[in-house]
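I opened this notebook to keep track of what I looked up, one entry at a time, beginning with a single residue and working outwards to the whole chain.

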Amino acid sequence: MNIKIPPFILLSTLLYFPACERVQNIGKVPELTTAVGGDEYYALISPDLPQTIERSRPVDQASLWSKNRDSLLGDRRASARGDILTVLIEIDDSAEFSNTSNRSRSGSDSVGITDLFGIPQRINEDLPEGASLDSAISTSGTSSSTGTGSVRRGEKLTLSVAATIVDVLQNGVLSIQGTQEVRVNYEIRELIITGYVRPEDISRQNQITYEKIASARISYGGRGQISDVQQPRYGQQIVDIISPF
């Protein structure tokens with residue numbers, strides 16, 4: 001026995017479950033993402049690779065010029081799994097393109113038979129009034145095309161976020177990942193950055209700018225009541241997908 005389900009019931013069922021999740025969040029602040037269990041967390045708690053212990057003399061421990069990271073002039077830049085560095089994001093990009101094209105063409109052709117052993121004159125006598133072989137075929141054509149295009153875009157973003165080295169590749173390149181969440185009233189601002197950096201690109205202040213990060217993925221957005229209101233409803237999204245106009 002075949003049971004046919006009306007389309008409106010099927011559509012209502014599909015929309016019910018997303019709506020339930022929205023109803024459960026009414027009157028509640030958006031939950032922050034837990035910091036336990038992510039790549040940063042495991043990178044921080046996992047032991048680093050064993051390093052060769054250099055025997056130091058007592059005079060080296062008291063020297064200001066020691067290369068030890070705990071010394072006054074030691075290199076404190078992030079270099080191992082679990083180390084933390086600061087990523088500076090200063091995006092101020094603008095682009096403007098303007099293209100104009102113009103094309104014009106005209107042509108005319110005329111073919112006539114004025115004298116061919118007197119035949120055209122004899123034929124002209126039998127043709128209707130106004131018709132003649134003197135100008136048998138005449139064509140003319142004109143075409144023109146004009147196009148104009150313009151693109152203008154501007155982006156500006158200034159942020160800084162602490163990122164963790166989650167892995168050290170075989171060639172020494174560092175894989176970093178940083179997340180940051182700030183909740184203000186009922187809205188959460190999220191910042192996520194991932195990518196690959198070279199240890200020598202990290203400054204003495206243990207900072208790196210975003211343009212030195214390979215395969216950089218920067219996400220800046222939010223979630224909460226304001227973001228929810230700005231999103232179109234499910235019904236509107238479905239209509240926008242299936243509407244041919």
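Entry one. I looked up the contacts of Ile 213 in this predicted model, leaving aside residues up to four places away in sequence, and I found that Ile 213 touches Val 87, Ile 176, Ile 193, Thr 194, Gly 195, Tyr 196, Val 197 and Ile 208.

Entry two. I then asked which residues of the largest nonpolar core touch the most other members. Ile 213 is among them, together with Leu 85, Val 87, Ile 89 and Ile 176, in a core of 18 residues. The elements that each give two or more residues to this core are β1 (84-111), β2 (137-168), β3 and β4.

Entry three. I followed β3 (residues 174-184) to its partner β4 (residues 187-197), and noted that the two run antiparallel and are joined by eleven bridges. Arg 183 has Ile 188 in β4 as its bridge partner. Two residues lie between the strands of this hairpin, where Asn 185 takes a positive phi near 55°.

Entry four. On β4 I also looked up the pairing with β6 (residues 214-224), which is antiparallel as well and spans nine bridges; here Ile 192 has Ser 219 in β6 as its bridge partner.

Entry five. Stepping back to the whole chain, I counted six helices and six strands, arranged along the sequence as α-α-α-β-α-β-β-β-β-β-α-α. Of the 245 residues, 16% count as buried, while the chain exposes about 19500 Å², with carbon and sulfur atoms supplying 53% of that area. Among contacts with a separation of 6 or more, 68% come from residues 24 or more positions apart.

Note on methods: Residues are numbered from 1 along each chain as its sequence is written. This is a predicted model: local features need pLDDT of at least 70, side-chain atom pairs count only at pLDDT 80 or more; totals for chains, interfaces and linings use all residues. Side-chain values use heavy atoms; hydrogens and water are left out. Two strands pair if DSSP finds at least two bridges between them. Helices (H or I, at least four residues) and strands (E, at least two) are DSSP runs, numbered from the N terminus. A nonpolar core is a set of buried Ala, Val, Leu, Ile, Met, Phe, Trp, Tyr and Cys residues joined through side-chain atoms within 4.5 Å. Buried means under 20% relative accessible area, exposed over 50%, partly exposed in between (1.4 Å probe, protein chains only). Contact means heavy atoms within 4.5 Å. Accessible areas come from the Shrake-Rupley method with a 1.4 Å probe; for residues, only the protein chains shown count as cover.
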